[in-house]
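Grab a viewer and work through these two exercises. Try each one yourself before you read the solution.

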Amino acid sequence: MNSDTSMYLNDSVINDYFKLIENQNPSVYCFDTYFYERFGKSKYKSVERWTKNINIFSKRKVFFPINIIRKNFKHWLLIMADLEKKQVIYYDSLVNHYEPEIHINILEYLQQEHERKLGNPLPLQEWEIVKGCNPVQSNGRDCGVFVCVIAEYLARDASFNFNQSNMASFRALMFYELLNQQLVTVDVDEDLIEGEIYRIFKRYCNNNMVLNRLY
């Protein structure tokens, strides 16, 4: 699978987008992309101060966007802790790829954070680790877009109704959202997604040159 690095979303873009998700959905909490990099290397002591001003267990969902190296190319995936259903769910836009160590590490983090923050053990017998079912990519450059769109849908409890053919439009929409520091919800049926995103640009972009560059 070849990847076009010029189209690959970096940490800054991912973090800025997840901050928009968090701002629009107060019941979710989003760790930044550097969290797991540090936790994976140095474990809990290196990240325990990251949540000094927040109790993540007061939230409904917690997102962990994670970057890994697979066969010499970088790849984004997403772990979500659903604190209501007591599940740690693994989302990956590449088929037949699974990193069980990452999955287990996030559950380990939740155990240690629960003990430190709430003073009692996480009831592991009530929790499960789950491989999520999500749309998949067919190229080597859209994993970051998939992670962002998957998280945005999950944050508002929407069913996944998009696929690879929508990624160019969602990528352009993300650019617009980041530029304006506000998410725009695409809440339409699958066959209407492309038209809805185009209408969003026509509605909000008065400058046709901007519209043509984005879409």
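**Exercise 1: strands and turns**

In this predicted model, Arg-70 has Phe-73 of strand S3 as its bridge partner. Work out how S3 is paired with strands S2 and S4, and how covered S3 is.

*Solution.*
Step 1: Start with S2, residues 61-70. S2 and S3 (residues 73-82) run antiparallel, with 10 bridges between them.
Step 2: Look at the turn. Just 2 residues sit between S2 and S3 in this hairpin, and Lys-71 in the turn shows a positive phi of about 50 degrees.
Step 3: Now go to S4, residues 87-91. S3 pairs with S4 through 5 bridges, again antiparallel, and Ala-81 is matched with Val-88 in S4.
Step 4: Check that second turn. The S3–S4 hairpin has 4 residues between its strands, and here Lys-86 has a positive phi of about 55 degrees.
Step 5: Count burial along S3. With a cut-off of under 20% relative accessible area for buried, 9 of the 10 residues of S3 are buried.

**Exercise 2: the cavity**

Find the largest cavity, then say which helix gives the most to its lining and how the lining residues divide by type.

*Solution.*
Step 1: Count cavities. There is 1 of 30 Å³ or more, and the largest cavity holds about 60 Å³ of space.
Step 2: List the lining. Among its residues are Tyr-17, Val-149, Arg-156, Phe-170 and Val-186.
Step 3: Assign helices. H4 (143-155) and H5 (167-180) each supply at least two lining residues, and H5 gives the most, with 4.
Step 4: Sort by type. The lining comes out as 8 nonpolar, no polar and 3 charged residues; Glu-152, Arg-156 and Glu-177 are in the lining.

Technical notes
Residues numbered from 1 in each chain as written. Predicted model: local features only at pLDDT ≥ 70, side-chain atom pairs only at ≥ 80, totals over all residues. Heavy atoms only, no water. 1 Å grid on protein atoms, 1.4 Å probe; cavity = no way out; pocket = protein on both sides within 12 Å on 5 of 7 lines; lining within 4 Å. Points joined across faces, edges and corners; volume = space filled by probe spheres on them. Nonpolar A, V, L, I, M, F, W, Y, C, P; charged D, E, K, R; others polar. Buried < 20%, exposed > 50% of the residue type's maximum accessible area, 1.4 Å probe, protein only. Pairing = 2+ DSSP bridges.
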